[in-house]
Every structure is written in C-alpha cells, then in structure tokens.
Amino acid sequence: MSLQNEYVGGVTWGFMGRRGTWANEHAHASMELMKTVTGANWTAIAFSAVQAAPQSTEIPYREKPTVTDGEVLWAIRTAKSLGLKVCLKPIVNCADGTWRAHINFFDKDVPCEPKWSDWFRSYTAFILHYAAIAEESGCEMFCIGCELVMADRRAAEWRALIAEVRKVYSGILTYNCDKYQEDNVTWWDALDVISSSGYYPEQDWEAQLDRIEAVVKRSGKPFFFMEAGCPSRTGSAAIPNDWSLKGEPSEEEQKRFYEAMFTSCEGREWVRGFMLWDWPAQLYPLETAAENDDYCMYGKSAAGVIHEYYSSRTNKPY
C-alpha cells in the first residue's frame, strides 16, 4: 500500500489520553464526532510513553501513564468501525516536562555516561512492540518517531530501527520530523513517506512550502503533514507551535490559520494531506467551546473550514 493515489484527510486522536481514559463511551463518542465534524478519512492514534528525563535511557512503555495494549487495540477497532484508516503513532515524552526534541546524548559512547546505544535499545523495543500491534490490527500506516530533533542526526540507528520494524510490520512507514527539520533528515530514503509537523506562521506558508518541496523532489517520496494546527487563542496564528502562548480564546484566530494553511497547500499537489492536531479522547462540553483555547476544533468555526476542505479533496480521485 502507498499514498500515491489518495489524500490523507486526517485528524490526530487521543494524544493526551492516560491509562484508563480510552475504551469507554466518552472516548467512542469523541472519535465518532471527530469524523462527523471534520469529515476525516484517516486518523493518527497517538499516545505516549514517558521516560524520566531527556538523558534517561529507559522507556517504561508498559507502565502508567501509557494506555494499555487493550486500549490501543480498542481505539484501532473503533476507528476502523467508523470507516477511518489508521496510522498508529507511539510517542516518547519526558516526565520532567522537557520536550522530547531535547532527548540527547554524547555523539560517542562514554563510560559512566548515558549513551545513545542504550537509549536506542530501549526505544527499539518500544517501537517494535507497537509495530507488531499495528500489523496485527491492520493499521495502514505506522509512525516510528515524532519530533526527536536531537536524535535525527543518528542516521545509522534509525536505519537499523527501520530494518527491524519492517520484519514485523508490512504497511506504510513514516517518521514525523519537527517543523523546519525536513531538510535535516538524511535517511528519508529508508521510509515510505516523509511527514513533518506543519506549525508554520500563517504568513510564512509559501516560503516554507518552497523549502519543503525541494526535499520532496530530491527524495521522490510522498509527503504529508503528520501534524498541523493552531490553538484558538489570540496571537497563535503567528506562532502556532507555542501551546503556552498567553492570549484570549479566539475562534477567529484558529480559523484564519487554517484558511491560510489550506490556501497555500491547495496549489501544491505534492502535499498529500494532514493529520491535524488534535482531538482528545475526552472532549470538553460543546457549550464551552468558545472558552476553550486549545488546538481541538470541536464546536469552533475552524471545524467548518476543515470539513469543507477535506470534502473537496477526499471525495474525488487523487
């Protein structure tokens, strides 16, 4: 299977979910509303395992707060029952609050210091576990990592990981690089699809798409945005990746960002879609949507923009 002849009109589901918050009627209603409200044909089922700190070398993915395997399988089955194609997306985060992009070690292994070799050993076990679940459950795509900027330079380790994943998973493989990093990854050739996080300022989309297009042409691989979105908060359209930016709730700000992003991407046929960020497993009440200033589009005017755009792209041959 490939993305050569289809458009990914996707939304990321479940990311902030903690053990015990999936596999219930609220989570089911959330996913059903996600499809109805946005017109999605794909979803990225995203969840995290939590290592203690950026220099920790063990990823305890079988422990809390990571959702259980049963919850992951429930989410995949539910998505498929709704007619959604699925990308399974396990993510590593840090318990101390450090962003995963800063997970980093010395370039050369040094005795008595934490090592890339130890971290990749644990990370490989983590990823292979969920790759096997993705294969077993028929997920159409599997994402081997997300925004691990400091690790991107470790090409040999990523190539070895990809080779191991291909032994247990037969679907589409991608890696979600961070914004502005598309041209820094040197091992795109080992994957099936290039994907990145599209948190670009509303006025900067054309310049960034020009830059990314050069990467896509060199690689000969399909491309889509594995993440893209904007908080419904004043000021966020200019810096959509800053989830902590201070501002007032603003549906218009979020809507304007989506209009700018879709307008720029519409003329780029090589952009094969999005997995918009994001849609939680436990939704806020609809009547409080105007007060919510997060990335979710539920009950906000951006949802209509997304539905209209996705309908125009997914209801015709790509």
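This report walks through the barrel, some unusual backbone spots and the largest pocket of a predicted model.

Residues are numbered from 1 along each chain as its sequence is written. Because the model is predicted, local features need pLDDT of at least 70 and side-chain atom pairs count only at pLDDT 80 or more, while totals for chains, interfaces and linings use all residues; side-chain values use heavy atoms, with hydrogens and water left out.

**The barrel**

Let's start with the strands. Eight of them form a closed barrel in the order β1-β2-β3-β4-β5-β6-β7-β8, with parallel pairing. Helices (H or I, at least four residues) and strands (E, at least two) are DSSP runs, numbered from the N terminus. Two strands pair if DSSP finds at least two bridges between them. On average, neighbouring strands of this sheet are turned by 25° against each other, direction ignored. Axes here are lines fitted to C-alpha atoms, for helices over the stretch in contact, and angles run from 0 to 180 degrees between N-to-C directions.

Now look at two of the pairings. Strands β3 and β4 run parallel and are joined by two bridges, and cysteine 87 stands opposite methionine 141 in β4. Strand β5 (residues 172-177) and strand β6 (residues 193-197) also run parallel, joined by four bridges; asparagine 176 faces serine 195 in β6.

How many residues of β4 are buried? Six of the six are, so β4 is largely enclosed by the rest of the structure. Buried means under 20% relative accessible area, exposed over 50%, and partly exposed in between (1.4 Å probe, protein chains only). Helix α4 (residues 155-168) lies across β4 (141-146) and β5, running at about 155° to β4. Contact means heavy atoms within 4.5 Å.

**Unusual backbone spots**

Most residues other than glycine have a negative phi, and most peptide bonds are trans. The table collects the exceptions described here.

| Place | Feature | Value |
|---|---|---|
| Lysine 64 to proline 65 | cis peptide bond | omega about 10° |
| Tryptophan 277 to aspartate 278 | cis peptide bond | omega near -10° |
| Alanine 23 | positive phi | near 60° |
| Glutamate 147 | positive phi | about 55° |

Where do these residues sit? Proline 65 is in the loop between β2 (42-51) and α2 (69-81), whereas aspartate 278 belongs to strand β8 (residues 271-279). Alanine 23 lies in the loop between β1 (8-13) and α1 (25-38), and counts as partly exposed at 41% relative accessibility. Glutamate 147 is found in the loop between β4 and α4; with 4% relative accessibility, glutamate 147 counts as buried.

**The largest pocket**

A pocket is found on a 1 Å grid over the protein atoms alone: an open set of points where a 1.4 Å probe fits, with protein on both sides within 12 Å along at least five of seven lines, and lining residues have an atom within 4 Å of a point. The largest pocket holds about 880 Å³ of space. Its lining has 32 residues, of which Phe15, Met16, Asn93, Trp243 and Trp277 lie nearest its centre. The elements giving two or more residues to this lining are β2, β3 (85-94) and β8.

**One exposed loop residue**

Finally, visit alanine 95, in the loop between β3 and α3 (116-137). Is alanine 95 buried or exposed? Alanine 95 is exposed, with a relative accessible area of 55%. Leaving aside residues up to four places away in sequence, alanine 95 touches Val50, Gln51 and Ala52.

Conventions: Grid points are joined across faces, edges and corners, and a volume is the space filled by probe spheres set on the points.
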